[in-house]
Amino acid sequence: MNVEFINPFLVSLVNVISTMAMMDLKPGKPQLKNHDLAKGDVSGLIGMVGPKTKGSLSITFEEPLILEIMNKMLGEKPSGINADITDLVGEITNMVTGGAKNLLSSKGYDFDMATPAVVSGKNHTISHQAKGKKIMMPFSHEYGMAFIEICFEEE
């Protein structure tokens, strides 16, 4: 998978969280993922289709981290994952994908985005529809981990 294609999503996540929540996520080491089990507690998943590619992106947060992001962004800190948290994860997924789409359009990649789906719960699964390799990038913060998964097939 093309690094030039992946990096805008990573840059966009760090930018969205630092801008909206004033929190810095520290990127870890990318890895291939060969199963559907999510690493965190709540995930936003969005499909993307373009003339040259199709695939999907997911952003997963561990519960303590997303609760603190909500606290920093909205001044609210629920006791657990609820409808407001899942709405927030959907919005963050939209913002990250939109930011990456802007960065990628300048490099000749163009795609349309679906509406994000949000899944939560311990040991939930993420099903990417594309047949390409799944790349997972961990991000750490003192409140917990976030993970981006990107799966694309180029045509």
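This report walks through a predicted model of one protein chain, from its overall build to a few chosen residues.

## The chain as a whole

Let's start with the building blocks. The protein chain has three helices and eight strands. Read from the N terminus, these elements follow the order α-β-β-β-β-α-α-β-β-β-β. The radius of gyration is 14 Å, close to the 15 Å that the globule rule gives for 155 residues, so the chain is as compact as a globular protein of that length.

Some further values help to fill in the picture. Along the principal axes, the C-alpha atoms of the chain fill a box of roughly 45 × 30 × 30 Å. Of the 155 residues, 46% are buried. Sequence separation is worth a look too: among contacts between residues at least 6 apart in sequence, 68% join residues at least 24 apart.

## Helix α1 against helix α3

Now to the helices and how they meet. Two packed helices are described by the angle between their axes and by the distance between those axes. Helix α1 covers residues 3-21 and helix α3 covers residues 83-105; they pack at an angle of about 130 degrees, with axes 8 Å apart. That angle makes α1 oblique to α3. The crossing in which α1 passes α3 is right-handed.

Which residues of α1 and α3 meet? On the α1 side they are E4, F5, P8, F9, V11, S12, L13, V16, I17 and M20. Their partners in α3 are I92, M95, V96, T97, G99, A100, L103 and L104. Sorted by class, the residues of this contact of α1 with α3 comprise 14 nonpolar, three polar and one charged.

## Helix α2 and its two partners

Helix α2 spans residues 63-74 and packs with α1 at an angle of about 50 degrees, the axes being 8 Å apart. With that angle, α1 is oblique to α2. Here I17, M20 and A21 of α1 meet I69, K72 and M73 of α2. The residues in this contact of α1 with α2 are five nonpolar, no polar and one charged.

Helix α2 also meets α3: their axes come within 11 Å and cross at roughly 80 degrees. This crossing makes α2 roughly perpendicular to α3. From α2, the contact takes in I66, L67, I69, M70 and M73, and from α3 it takes in D84, I85, L88, V89, I92 and M95. By class, the contact of α2 with α3 has 10 nonpolar, no polar and one charged residues.

## A closer look at K72

K72 sits in helix α2. Is K72 buried or exposed? Neither label fits: K72 is partly exposed, because its relative accessible area is 39%, which lies between the 20% and 50% limits.

Leaving out residues up to four places away in sequence, K72 touches M20, A21 and M23. K72 and M23 are 49 residues apart in sequence, and their C-alpha atoms are 8.2 Å apart in space.

## S58 and E149, a pair across strands

S58 is found in strand β4, which runs over residues 53-61, while E149 has its place in strand β8, residues 144-154. How far apart are the C-alpha atoms of E149 and S58? They are separated by 5.1 Å, although the two residues lie 91 residues apart along the chain.

S58 is buried, with a relative accessible area of 0%. E149 is buried as well, with a value of 1%. Setting aside residues up to four places away in sequence, S58 touches G44, L45, I126, H128, F147, I148 and E149. On the same basis, E149 is in contact with K33, S56, L57, S58, I126, H128, K134, I135 and M136.

## S140 in strand β7

Our last stop is S140, in strand β7 (residues 134-141). With 28% relative accessibility, S140 counts as partly exposed.

What does S140 touch beyond the residues up to four places away in sequence? Its contacts are D24, L25, K26 and M145. S140 and D24 are 116 residues apart in sequence, with 8.7 Å between their C-alpha atoms.

Note on methods
Residues are numbered from 1 along each chain as its sequence is written. This is a predicted model: local features need pLDDT of at least 70, side-chain atom pairs count only at pLDDT 80 or more; totals for chains, interfaces and linings use all residues. Side-chain values use heavy atoms; hydrogens and water are left out. Helices (H or I, at least four residues) and strands (E, at least two) are DSSP runs, numbered from the N terminus. Buried means under 20% relative accessible area, exposed over 50%, partly exposed in between (1.4 Å probe, protein chains only). Contact means heavy atoms within 4.5 Å. Axes are lines fitted to C-alpha atoms, for helices over the stretch in contact, and angles run from 0 to 180 degrees between N-to-C directions. Angles under 35 degrees count as roughly parallel, over 145 as roughly antiparallel, 65 to 115 as roughly perpendicular and the rest as oblique. A crossing is left-handed if the near helix is turned anticlockwise from the far one by less than a right angle, and right-handed if clockwise. Ala, Val, Leu, Ile, Met, Phe, Trp, Tyr, Cys and Pro count as nonpolar, Asp, Glu, Lys and Arg as charged, and the others, Gly among them, as polar. The radius of gyration is taken over C-alpha atoms; the globule rule is 2.2 Å times the number of residues to the power 0.38.
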